[in-house]
Amino acid sequence: FMDMMLTGDQCVTRQDSTAQYKATVGSTDNLNSLEIKESVLNWQEPRLLTQLPPKFRNKFFFGSWVKKLIGEQELDAAKKVFDLMQERSIEPFPKHLNGLIGAWYRQGTEGYRVLAEELAWKMIKIRLERVRERENMPKVQAPLRVETSRNLPDSKPISFLPAATIETFSILIQQYRQRQKPDLMTNLFDVLREAKLQPNTFFMNQLLLTDLRGKKRSWL
């Protein structure tokens, strides 16, 4: 994908995978020979081949990569790209994760459903944590002074997942409605309030569809 994105770029001869391979193993030929040198066989640094040009070390490049994979139904590969973003401390856009969650659900298998719900609720948890942090932030006045705290253990693992958006909730409530899980729908609606997010039209329509069929006219 990196090579494809470098097509037509002036730096392609220095930054594509072939150029990186030559630079890493010290090769000067055109890679047309079937002979493998001993220096290549004994090479111990494969991670050097995964280096990206500086302009690709961001969520925009990875997001384009993921969108392409989802469009081609390569969902396992798309998940690997997100795992790679975690390794490289790059937080994805929530819309790209929402796209993967929706694609997993559309596959209709139990394994993908579990993956989708786990990821969606992880994003919701992050949203709730950020809301609580904002509400509990002490009211301080400037000027502030930064001081270094030493020998304090880390109490929270670093996560590079984005917070859930209303789209995340909309995907979940549609699934719960289609699977006829009213208790899960009620819980999700309560969590939406706690997350301080406004429901959109799609979310409300899912609630209305449920109660139209249940003939709960007063609630409607």
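**An all-helical model: the packing around α5**

Good morning. The secondary structure of this protein comes to eleven helices and zero strands. Please bear in mind throughout that the model is a predicted one. Read from the N terminus, the order of elements is α-α-α-α-α-α-α-α-α-α-α.

Let me begin with the chain as a whole. The protein has 220 residues, of which 31% count as buried. Its accessible surface comes to about 15300 Å², and carbon and sulfur atoms hold 52% of that area. As for contacts with a separation of 6 or more, 65% of them are between residues 24 or more positions apart.

I now turn to helix α5, and to two of its packing partners. The first pair is α5, residues 59–71, with α6, residues 75–87. Their axes lie 8 Å apart, at an angle of about 165°. How are these two helices oriented, roughly parallel or roughly antiparallel? The cut-off for roughly antiparallel is an angle over 145 degrees, and α5 and α6 are therefore roughly antiparallel to each other. The crossing of α5 past α6 is left-handed.

Which residues form this contact? From α5 come Lys59, Phe62, Trp65, Val66, Leu69 and Ile70. On the α6 side they meet Leu75, Ala77, Ala78, Val81, Phe82, Leu84 and Met85. Sorted by class, the contact has twelve nonpolar residues, no polar ones and one charged residue.

The second pair is α5 with helix α7, which spans residues 94–107. Here the axes come within 10 Å and cross at roughly 15°. That makes α5 roughly parallel to α7, since the limit for this label is an angle under 35 degrees. This crossing, too, is left-handed.

In the contact between them, Gly63, Lys67 and Ile70 of α5 meet His96, Gly99, Leu100 and Ala103 of α7. The division by class is three nonpolar, three polar and one charged. I would draw your attention to Ile70 of α5, which is listed in the contact with α6 and also in the contact with α7.

Between these two partners of α5 there is a loop, and serine 89 is found in that loop between α6 and α7. The phi angle of serine 89 is near 60°, which is a positive value in a residue other than glycine. Is serine 89 buried, partly exposed or exposed? Its relative accessibility is 44%, so serine 89 counts as partly exposed.

A second residue has a backbone angle of this kind. Lysine 196 also has phi near 60°, again a positive value in a residue other than glycine. Lysine 196 is found in the loop between α10, residues 182–194, and α11, residues 201–214.

Lysine 196 leads us to the last site, valine 131. Valine 131 lies in helix α8, which runs over residues 110–136. Why does valine 131 count as buried? Its relative accessible area is 2%, and the label requires a value under 20%.

What does valine 131 touch, once residues up to four places away in sequence are set aside? Its contacts are Glu194, Ala195 and Lys196. Valine 131 and glutamate 194 are 63 residues apart in sequence, while their C-alpha atoms are 8.2 Å apart in space. Lysine 196, with its positive phi, is thus one of the residues touched by the buried valine 131 of α8.

That concludes the presentation. Thank you for your attention.

Conventions
Residues numbered from 1 in each chain as written. Predicted model: local features only at pLDDT ≥ 70, side-chain atom pairs only at ≥ 80, totals over all residues. Heavy atoms only, no water. Axes fitted to C-alpha atoms, helices over the stretch in contact; angles between N-to-C directions. Helix = DSSP H or I, 4+ residues; strand = E, 2+ residues; numbered from the N terminus. Parallel < 35°, antiparallel > 145°, perpendicular 65-115°, else oblique. Left-handed = near helix turned anticlockwise from the far one by under 90°. Contact = heavy atoms within 4.5 Å. Nonpolar A, V, L, I, M, F, W, Y, C, P; charged D, E, K, R; others polar. Buried < 20%, exposed > 50% of the residue type's maximum accessible area, 1.4 Å probe, protein only. Areas by Shrake-Rupley, 256 points an atom, 1.4 Å probe, with all protein chains shown as cover.
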